[in-house]
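User: I am a first-year student and would like a close look at a single part of this model. Please take one strand and its surroundings, and explain each term as you go.

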Amino acid sequence: MAYSYVTYTGTGSLTNFTFPFQYLDKNNIKVTVDGNPVSFTWLNDSTVVVSPAPALDTKIIIGRETEKSTLLVDFNDGSVLTEKDLDTANRQVFFMTQESLDDSAQSLDQFNQFVTQAGEYANQAYTYERLAYDHKENASDSADDARISKDLAGTYANQAMTAEQNVTSQVTTATTAATNASASATAAATSATNAATSASSVGTSVATATTKAAEASASATAAASSASAASGSASSASTSAGTATTQASNASTSATASATSASNAASSASAAASSASSAATSATAASSSATTATSQAAAASASATASATSATAAAASAATVSKYQGPQASNPTTRADGSALQAGDLYFNTVGSEMRVYNGSTWQAQAASPDTMVERSFTATAGQTSYTFSGGYRVGYTFVYVNGALLDATDITATNGTTITFTQALALNDEVRILSFKAVGTIAVADVSGLQATLDSKAATSSLSTVATSGAYADLTGKPTLFSGAYADLSGKPTIPTATSGLTNDSGFITGAAPTITGLKETKVAMGANNIDCAAGNVFTKTISGATTLTVSNVAASGSVSEFILKLTNGGSATVTWFSGVKWAGGTAPTLTSAGLDNIGFFTDDGGTTWHGAVISKDSK
């Protein structure tokens, strides 16, 4: 759970955002939408308004940033140590501690994110390494294929060269045979010509010539056969040459494919090397991120330890949290932080202009006295030193708050009933709230609910015809007649003494305009013992000098109200045990001043079964 910020998700229409934590100054409250600071206005002390409404699914954070560079309170030797200064100093430390704890939690979350990212980077590096290894293996296989293709190309080239040499040899042989056959044919023709010539000239040479001709013819046939064989050899040689050429082309194609495979293998190897380099770079970055995350985690751990130490010290001196819910137009159903209401919670109803207290099940008007509380609020201008309270305030019963902090009596001058002067000039936009209890001396009968009807019921006209004037008339039997005649309704009545003049001109008893009650005073009783006698007065004073157990007597019956103010001096110097049934604001009894005056108010409306107690002022000077 965060102590100093709250997170919302934008809906596209939501503009009002409530936060549960306290602050010393409204300037300490910051609002961001998706990490970007945005401006806002105030709906009340715990609700801000962002306009226009943040977009759907945006992340809205309302956080507190307490002043950390300077001390809000500087204590000096010999100066007066006030509750306000102590509360301000402790709250500054307390709020800074909460913010440090939240920062530490966020740093831990970031560290976990860094560790997760480092793991992802390591996995990526391993993947890249495996890809590089696979590319390397593929490149090696491609290189082997290229070498095999190269060897096959060499074999095919050697076969083609051998075939070419064989064709050349066969062509040469065929050419030689054809030349020989041609020479034989030429010789045969020459022999035939010579034989014919010899035949015409020498008869004996005919046979020879015929023989020679036959031989020539045989030689010609042999030559023709040789030529035909040479032609077949040439054709075979040509076929072999074509086959060799085809094989050579195939070998060239294989060599080209092998070269392409080798080039592809080289590209794959280059890509694998690049991937391996990228993987190495990613691994280095992951290692660096992990190192950075480790450093940040160490710093966060140190910060958390320091924050925990500060929190322990701050918690030991932190004051109780106020249960006051602020001014509202209707009864709240929950506290400002959304938690359930508790008995003793307070708020000011702006419609009825009254304080109301939660009794554990319902809200009821606070009946501490018949006084009416009046509230005034304003935003200060720069350097403002005074304020005029419209309608007037009650001197000594007026309380001034600046930015939620109650001012000490030495911080203001409020003595004339209309003007309040500030000892120190206010700052621009300071939020000022003034509560004053209306003086009872100006309350009319009509201001006190039910008083008029109660007075009427107490004065039955039929009982005023005769009144005892002397003697003991405990039950008024045998009383003498005060006036002659029958005065059942006081018609024709003589003038009643001046003390009751103003009540003699009506046919009933009290009708028409009600008189104004003036000069009403409360009795102050200096307590000798430890009993508070409600029949003796309404204000009691007591100085504590040792362990004291207080009691209460003569309490009004249930349905009526008993109330009193207790002025305790040195109440914190010894143990004070309160009378039974006391319910305090927030459920915790106040810590009293060891050497000074505390003013505490009590009231009950159920015959003393339940007393509601509240501190009016502490260490009054």
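Analyst: What follows looks at strand 9 and its neighbours, then at some salt bridges.

This is a predicted model, in which local features need pLDDT of at least 70 and side-chain atom pairs count only at pLDDT 80 or more, while totals for chains, interfaces and linings use all residues. Residues are numbered from 1 along each chain as its sequence is written, and side-chain values use heavy atoms, with hydrogens and water left out.

Strand 9 covers residues 346-349. Strands (E, at least two residues) and helices (H or I, at least four) are DSSP runs, numbered from the N terminus. In a regular strand, side chains alternate between the two faces of the sheet. On one side of strand 9 are L346 and F348, on the other Y347 and N349, and all of them are buried. Buried means under 20% relative accessible area, exposed means over 50%, and partly exposed lies in between (1.4 Å probe, protein chains only). Accessible areas come from the Shrake-Rupley method with a 1.4 Å probe, and for residues only the protein chains shown count as cover.

Strand 9 has a parallel pairing with strand 8 (residues 324-328), over three bridges. Two strands pair if DSSP finds at least two bridges between them. Here N349 of strand 9 is the bridge partner of Q328. N349 also has a bridge partner in strand 10, namely E354. Strand 10 (residues 354-358) pairs with strand 9 in the antiparallel sense, over four bridges. These two strands form a hairpin with four residues between them, and S353 in the turn has a positive phi of about 50°.

The loop between strand 8 and strand 9 holds both D345 and R335, ten residues apart. Their side chains meet in a salt bridge at 2.9 Å, N to O. A salt bridge is a side-chain nitrogen of Lys or Arg within 4 Å of a carboxyl oxygen of Asp or Glu. D345 counts as buried because its relative accessible area is 0%, and R335 is also buried, at 12%.

Nine salt bridges are found in the whole structure. One of them joins E99 and R64, at 2.8 Å, N to O. E99 lies in helix 1 and R64 in strand 7 (residues 59-64), so this pair ties together parts that are 35 residues apart in sequence. E99 is buried at 3% relative accessibility, and R64 is buried at 4%.
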